[in-house]
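Student: Could you take me through one part of this model up close? I'd like to hear about the rotation axis and then the helix packing in the chain that sits on it.

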Number of protein chains: 2
Amino acid sequence: MTAETAEMSAAARALGGHRVLDPPGVLPQAARRLDATPAIGPDEVRLSVQRLNLDAASFRQLSESCGGDGDAVRAAVLGIVAERGKMQNPVTGSGGMLIGVVDAVGPRSPLGLAVGQRVATLVSLTLTPLAITDGLARWEGRSEQVPAEGTAVLFARSIAAVLPDDLPDAVSLAVLDVCGAPAATARVVRRAAAHSVVVLGAAGKSGCLSLAAARAAGATELTGLVRDRREAAALSAAGLADRVVAADATDPLAVAAAVGTPAEVTVVCVDAPGAEHGAVLATADGGTVVFFSMATSFAQAALGAEGMAADVTMLIGNGYTPGHAALALDLYRSIPGVRSLIDPRVHA
Amino acid sequence: MTAETAEMSAAARALGGHRVLDPPGVLPQAARRLDATPAIGPDEVRLSVQRLNLDAASFRQLSESCGGDGDAVRAAVLGIVAERGKMQNPVTGSGGMLIGVVDAVGPRSPLGLAVGQRVATLVSLTLTPLAITDGLARWEGRSEQVPAEGTAVLFARSIAAVLPDDLPDAVSLAVLDVCGAPAATARVVRRAAAHSVVVLGAAGKSGCLSLAAARAAGATELTGLVRDRREAAALSAAGLADRVVAADATDPLAVAAAVGTPAEVTVVCVDAPGAEHGAVLATADGGTVVFFSMATSFAQAALGAEGMAADVTMLIGNGYTPGHAALALDLYRSIPGVRSLIDPRVHA
């Protein structure tokens with residue numbers, strides 16, 4: 001075995017490559033089937049599963065394809081996990097996250113977890129080895145929240161957040177689900193020493209956290225763009241933005257008119273396709289757009305900026321920034337306006 | 001008319017909003033139909049068209065749908081332009097670019113063009129008002145290069161590059177087609193003061209120009225990743241990289257093994273889907289990935305980086321950076337290795 005092969009093996013192993021059964025040589029997310037054996041290697045962590053949080057698009061697809069029959073949905077999820085060794089909906093390709101208790105920690109795990117801690121996985125279920133042992137008997141197949149017993153495995157390069165004692169699980173999950181956005185926003189604002197920031201989709205979870213993070217990072221002119229008067233009233237009451245404007249984020253000229261003077265940083269948290277060109281027009285020359293919406297089209301963004309001769313830096317929002325979970329939870333705890341917008345979205 | 005409405009109108013007009021006939025209120029790229037009237041406004045420029053350069057995907061679709069019948073392809077292009085006022089393939093959505101001579105310059109045009117200059121448009125045909133007057137009589141419908149007579153209109157916020165006298169048109173077009181990549185690469189390398197750079201797809205047009213631009217911007221450890229031995233030999237002979245490695249860019253673990261120590265900046269010029277995860281693995285923590293391939297998937301990049309807990313900044317390659325055309329043409333002129341890789345790709 002050459003040094004180069006050994007190096008590759010270490011990288012592959014840290015990402016869970018050794019758990020891939022089919023097809024060989026791919027990473028766990030791309031695998032059809034993982035080895036979900038509960039026995040862990042020296043750099044792995046085993047979780048005792050308490051609850052799965054299915055991706056909304058995945059649950060909707062399963063429910064519709066089963067005609068809303070909860071027993072059939074339950075059987076479908078059990079079938080997927082048994083066949084694939086992970087909960088990855090073969091139609092939507094999406095997964096979700098899970099909550100569990102740390103059950104065993106390999107001696108060489110770098111994650112810093114201890115047996116007994118309650119954690120949420122911040123890497124997707126699409127790459128997490130999962131075995132279910134209770135037949136999902138406590139789940140009626142009618143909600144994305146799935147009480148479950150079984151085991152899950154974290155690799156050396158996975159991420160899990162210890163669930164805080166002072167917040168309900170549902171709140172922590174809602175915040176952790178979008179914790180990449182405020183962390184990346186804070187970093188961009190700080191690096192650019194930006195004063196003016198526009199957030200598109202500012203009344204949602206990631207939007208309001210991004211506004212709060214931008215303020216904490218030093219921005220002084222915050223504009224929140226929302227879709228209608230109801231959202232505008234809620235965001236104004238929350239006090240997170242210096243200016244609240246309402247416009248259809250998918251209408252570029254309406255966005256430009258509503259925003260007025262373009263901002264140094266624009267953050268896109270709109271959960272709908274078509275916000276790319278408005279975001280570019282809302283951004284000053286030399287400025288930065290951060291796209292967090294998973295509905296973003298790479299081609300629309302790239303061709304739009306070119307077609308408008310817009311000298312803007314466009315970032316693909318990375319869900320991982322070191323310290324992202326703690327930052328988002330702290331913003332929720334310390335800023336009443338964030339709580340006022342997130343709490344109504346949490347079905348505790 | 002309020003001040004805000006006036007401001008919107010100016011922005012909309014600079015982008016050609018006043019040329020949109022259907023549906024009203026969108027930007028020219030999203031329009032079904034533009035007003036291609038040759039009479040120009042005070043901030044517009046009119047070109048006398050000499051040649052259209054159809055997007056490769058668009059030409060292929062037209063040719064296949066016409067069973068390779070050149071007369072039918074010609075009729076299809078004429079039909080599209082007559083109906084839409086622009087050459088945007090309704091199936092692929094793509095356009096291309098054109099060459100023409102500046103024919104009239106409005107007194108308030110900010111583009112700095114003069115009557116008589118030969119230019120290439122660097123904004124897409126999908127947003128350029130176009131009228132054809134010769135029935136494309138000199139085109140046999142068998143190539144993306146379309147000799148044509150007619151008029152095209154540039155807006156205040158369009159981009160056109162004056163074609164240099166010292167290079168064949170085909171070379172200038174080939175270089176200008178990808179000129180966004182070297183300019184953005186140079187900017188990223190300079191801003192990060194990066195030493196190590198990996199280019200995926202390094203033997204292609206945008207790849208070799210990006211290597212040359214990274215070197216000129218101060219990078220000292222350049223790795224070029226190519227697909228096979230033939231490309232490796234060509235890139236090695238060109239002398240643009242300090243190290244040339246061959247691997248399948250769509251196999252993340254193979255890319256990681258070939259690259260070895262991750263780089264501060266990774267530039268993706270691979271013209272195929274699936275290069276996102278390899279690019280992330282090729283990049284050091286705290287580093288930057290620049291995606292230039294239009295085959296990039298936003299979701300694959302975002303979810304991949306998160307799933308691998310990779311703290312990397314990911315940029316959507318913007319085709320426009322000020323000075324991009326001049327930089328790319330200068331790299332072609334001054335660096336023999338760039339010429340040795342681009343010339344064989346030019347069908348002059």
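Tutor: Sure, let's start at the axis. This is a predicted model, and in it L315(B) is the residue of chain B that comes closest to the rotation axis, with its C-alpha at 2.3 Å. As for the operation itself, chain B lands on chain A after a rotation of 180 degrees with 0.0 Å of shift along the axis, at an RMSD of 0.0 Å. The two copies are thus related as by a two-fold rotation axis. Both copies also use the same surface, since 100% of the contact residues of chain B recur in chain A.

Now for the helices of chain B. Take helix 2 (residues 56-65) and helix 3 (residues 70-84) of chain B: their axes are 9 Å apart and they pack at an angle of about 120 degrees. Angles of 65 to 115 degrees would count as roughly perpendicular, so helix 2 and helix 3 of chain B are classed as oblique to each other. Their crossing is right-handed. Helix 2 of chain B brings F59(B), L62(B) and S63(B) to the contact, while helix 3 of chain B supplies V73(B), A76(B), V77(B) and I80(B). Sorted by class, that makes six nonpolar residues, one polar and no charged ones.

Compare that with helix 6 (residues 205-216) and helix 11 (residues 324-334) of chain B, whose axes come within 10 Å and cross at roughly 90 degrees. Helix 6 and helix 11 of chain B are therefore roughly perpendicular to each other. Here L209(B), A212(B) and A213(B) from helix 6 of chain B meet A328(B), L331(B) and Y332(B) from helix 11 of chain B. The tally for this contact is six nonpolar, no polar and no charged residues.

While you're in chain B, have a look at the backbone too. Most peptide bonds are trans, but the one from D22(B) to P23(B) is cis, with omega near -10 degrees. You'll find P23(B) in the loop between strand 1 (20-22) and strand 2 (33-34) of chain B. Over in chain A, the bond from D22(A) to P23(A) is cis as well, again with omega near -10 degrees, and P23(A) lies in the loop between strand 1 (20-22) and strand 2 (33-34) of chain A.

One last backbone oddity to click on: L136(A) isn't a glycine, yet it has a positive phi of about 55 degrees. L136(A) is in the loop between strand 6 (130-132) and strand 7 (145-154) of chain A.

How values were computed: Residues are numbered from 1 along each chain as its sequence is written. Chains are lettered from A and ligands numbered from 1 in the order in which they are written. This is a predicted model: local features need pLDDT of at least 70, side-chain atom pairs count only at pLDDT 80 or more; totals for chains, interfaces and linings use all residues. Side-chain values use heavy atoms; hydrogens and water are left out. Copies are superposed by least squares on the C-alpha atoms of residues with pLDDT of at least 70 in both. Contact means heavy atoms within 4.5 Å. Axes are lines fitted to C-alpha atoms, for helices over the stretch in contact, and angles run from 0 to 180 degrees between N-to-C directions. Helices (H or I, at least four residues) and strands (E, at least two) are DSSP runs, numbered from the N terminus. Angles under 35 degrees count as roughly parallel, over 145 as roughly antiparallel, 65 to 115 as roughly perpendicular and the rest as oblique. A crossing is left-handed if the near helix is turned anticlockwise from the far one by less than a right angle, and right-handed if clockwise. Ala, Val, Leu, Ile, Met, Phe, Trp, Tyr, Cys and Pro count as nonpolar, Asp, Glu, Lys and Arg as charged, and the others, Gly among them, as polar.
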